[in-house]
Amino acid sequence: MKKIGILYGPEKGSVGKVANIIAKELGEDKAELVLVKDSGGQIIDRFDRIIFGISTLGRTNWDSEHEDDDWDGFFTHLKEAHWEGKQVAIYGLGDQINYPDHFVDAMGWLNEKLKKFNVKVVGFCEDEGYQYNDSEALENGKFVGLPLDEDNEAEKTLGRVQAWLKMLHEAYGF
Ligand SMILES: Cc1cc2nc3c(=O)[nH]c(=O)nc-3n(C[C@H](O)[C@H](O)[C@H](O)COP(=O)(O)O)c2cc1C
């Protein structure tokens, strides 16, 4: 069976920390960690199931094809991938206390980009238990992935990750 690709960036910090937690929870033999910074679109073709990891650091060049950070660069490659039959899920790092109006927005931006390639993102989460005002990562009242807040609720990360992976496994075979 093909491994689950955990494609994430940036490398250091909370996104990287959670990528390693997810890999450990899935089992090292089942998951492969990949930095989006080092990757082209072909990386998508290596996996049937992909977990993207991203943080929200303000909107930079998301609407352009200009490469600025890890994810801006990777976006320009998304069109090179063959997306048919892929299962995709997203986790997003944010800070609900300091950015309550834009909590984990980047998950929503990524989901919008993926829609252009007809990618159906799975693993949506209820917003219960989070304190925020607004988020671009909401669709029909649900987050389009797993929101995590290492700045204010680090102690909740492992439990949230475990519950999410259980759901992804049972519903989508991750
Ligand atoms: C300049 C800056 C802007 C940020 N903007 C947002 C934001 O709009 N929404 C949000 O939820 N978190 C925001 N955050 C919080 C980060 O997403 C959070 O600290 C995250 O854990 C960073 O993960 P990373 O270090 O792996 O990139 C921001 C942080 C910084 C430093």
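User: What makes the pair formed by a polar backbone atom of Val104 and an oxygen atom of the ligand a polar contact?
Analyst: In this predicted model, the two atoms are 3.0 Å apart. The cut-off for a pair of N or O atoms is 3.5 Å, so this pair counts as a polar contact.

User: Which distance does a backbone N or O atom of Val15 have to an oxygen atom of the ligand, and what follows from it?
Analyst: The distance at Val15 is 2.8 Å. It is within 3.5 Å, and therefore this is a polar contact too. Asp95 also brings a backbone N or O atom to an oxygen atom of the ligand, at 3.1 Å, so the cut-off of 3.5 Å is met there as well.

User: How much of the ligand does the protein bury?
Analyst: The ligand exposes 640 Å² when taken alone, and the protein buries 75% of that.

User: Which residues around the ligand are the closest?
Analyst: They are Val15, Ser55, Thr56, His102 and Asp151, out of 17 residues that surround the ligand. To be counted, a residue needs a heavy atom within 4 Å of the ligand. By class, this shell has seven nonpolar, seven polar and three charged residues.

User: Why is the ligand said to sit in the largest pocket?
Analyst: The test is that more than half of a molecule's atoms lie within 2 Å of the grid points of the pocket. The ligand is assigned to the largest pocket, so it passes this test. The volume of the largest pocket is about 310 Å³. Its lining has 20 residues, with Ser55, Thr56, Leu57, Leu93 and Gly94 closest to the centre. Helix H1 (14–26) and helix H4 (105–115) each give two or more residues to this lining.

User: What makes the backbone at Val104 worth a look?
Analyst: Phi of Val104 is near 45°, a positive value in a residue other than glycine. Most residues other than glycine have a negative phi. Val104 is in the loop between strand S4 (87–93) and H4.

User: Which peptide bond is cis?
Analyst: The bond that joins Gly9 and Pro10 is cis, with omega about 5°. Most peptide bonds are trans. Pro10 is in the loop between strand S1 (4–8) and H1.

Conventions:
Residues are numbered from 1 along each chain as its sequence is written. This is a predicted model: local features need pLDDT of at least 70, side-chain atom pairs count only at pLDDT 80 or more; totals for chains, interfaces and linings use all residues. Side-chain values use heavy atoms; hydrogens and water are left out. A polar contact is a pair of N or O atoms within 3.5 Å; within protein, one must be able to donate a hydrogen and the other to accept it, and residues adjacent in sequence count only if both atoms are side-chain atoms. Accessible areas come from the Shrake-Rupley method with a 1.4 Å probe; for residues, only the protein chains shown count as cover. On a 1 Å grid over the protein atoms alone, a cavity is a set of points where a 1.4 Å probe fits but cannot get out, and a pocket is an open set with protein on both sides within 12 Å along at least five of seven lines; lining residues have an atom within 4 Å of a point. Ala, Val, Leu, Ile, Met, Phe, Trp, Tyr, Cys and Pro count as nonpolar, Asp, Glu, Lys and Arg as charged, and the others, Gly among them, as polar. Grid points are joined across faces, edges and corners, and a volume is the space filled by probe spheres set on the points. Helices (H or I, at least four residues) and strands (E, at least two) are DSSP runs, numbered from the N terminus.
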